[in-house]
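Have the viewer open and the sequence beside it. We will walk from the whole chain down to a few chosen residues.

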Amino acid sequence: MRIAIASDHGGFEMKEDLKVYLKEQGHLVADLGPANVEPVDYPDFAAQVAVAVTTGLVELGIMVDGAGIGSCMVANK
């Protein structure tokens, strides 16, 4: 399965762990950012994951952030 994954700075470490696990399970993982734990605007990353799914670039999208609700709102727009 092709999976897009992204996070905010609070979810960065979990995103990195999930990437390793998903790849071990045989999935193709597209990391859409961020590249480190520096503060970021999570809506930008949530939107990238949503676009990757809706355009068919990937079959599944995962967004990891500290609270979750903001990313859900962006991804569902």
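What follows starts with the model and its overall build, then visits individual residues.

Please keep in mind that this is a predicted model, in which local features need pLDDT of at least 70, side-chain atom pairs count only at pLDDT 80 or more, and totals for chains, interfaces and linings use all residues. Residues are numbered from 1 along each chain as its sequence is written, and side-chain values use heavy atoms, with hydrogens and water left out.

Let us begin with confidence. The pLDDT is the predictor's confidence in each residue, on a scale from 0 to 100. Its mean over the chain is 92, and 100% of the residues reach 70 or more. Among the elements, strand 2 has the highest mean, 98, while helix 3 has the lowest, 78.

Now the fold. Helices (H or I, at least four residues) and strands (E, at least two) are DSSP runs, numbered from the N terminus. The chain contains 3 helices and 3 strands, and along the sequence they follow the pattern β-α-β-α-β-α. The radius of gyration is 11 Å, close to the 11 Å that the globule rule gives for 77 residues, so the chain is as compact as a globular protein of that length. Here the radius is taken over C-alpha atoms, and the rule is 2.2 Å times the number of residues to the power 0.38. Along its principal axes, the C-alpha trace spans about 30 × 25 × 15 Å.

How much of the chain counts as buried? Of its 77 residues, 31% do, where buried means under 20% relative accessible area, exposed over 50%, and partly exposed in between (1.4 Å probe, protein chains only). Contacts, meaning heavy atoms within 4.5 Å, often bridge long stretches of sequence: among those between residues at least 6 apart, 67% join residues at least 24 apart.

Strand 1 (residues 2-7) is a good place to zoom in, and Ala6 sits there. Ala6 is buried, with a relative accessible area of 0%. Leaving out residues up to four places away in sequence, Ala6 touches Lys15, Leu32, Gly33, Phe45, Val49, Ile62, Met63 and Val64. One of these partners, Ile62, is 56 residues from Ala6 along the chain, yet their C-alpha atoms are separated by 6.5 Å.

Follow the contact to Lys15, which lies in helix 1 (residues 12-24). Is this lysine, Lys15, buried or exposed? Lys15 counts as buried because its relative accessible area is 0%. Beyond residues up to four places away, the partners of Lys15 are Ile5, Ala6, Ser7, Asp31, Gly33 and Pro34. The last two are worth a click: the peptide bond from Gly33 to Pro34 is cis, with omega near -5°. Pro34 belongs to the loop between strand 2 (28-31) and helix 2 (42-54).

In strand 2 you will find Leu28. With a relative accessible area of 58%, Leu28 is exposed. Not counting residues up to four places away, Leu28 touches Met1, Arg2 and Ile3. Val58 is 30 residues from Leu28 in sequence, and 9.0 Å away in space, C-alpha to C-alpha.

Our tour ends in helix 3 (residues 69-75), at Ser71. Ser71 counts as buried because its relative accessibility is 4%. Apart from neighbours within four places in sequence, Ser71 is in contact with Tyr42, Ala46, Met63 and Asp65.
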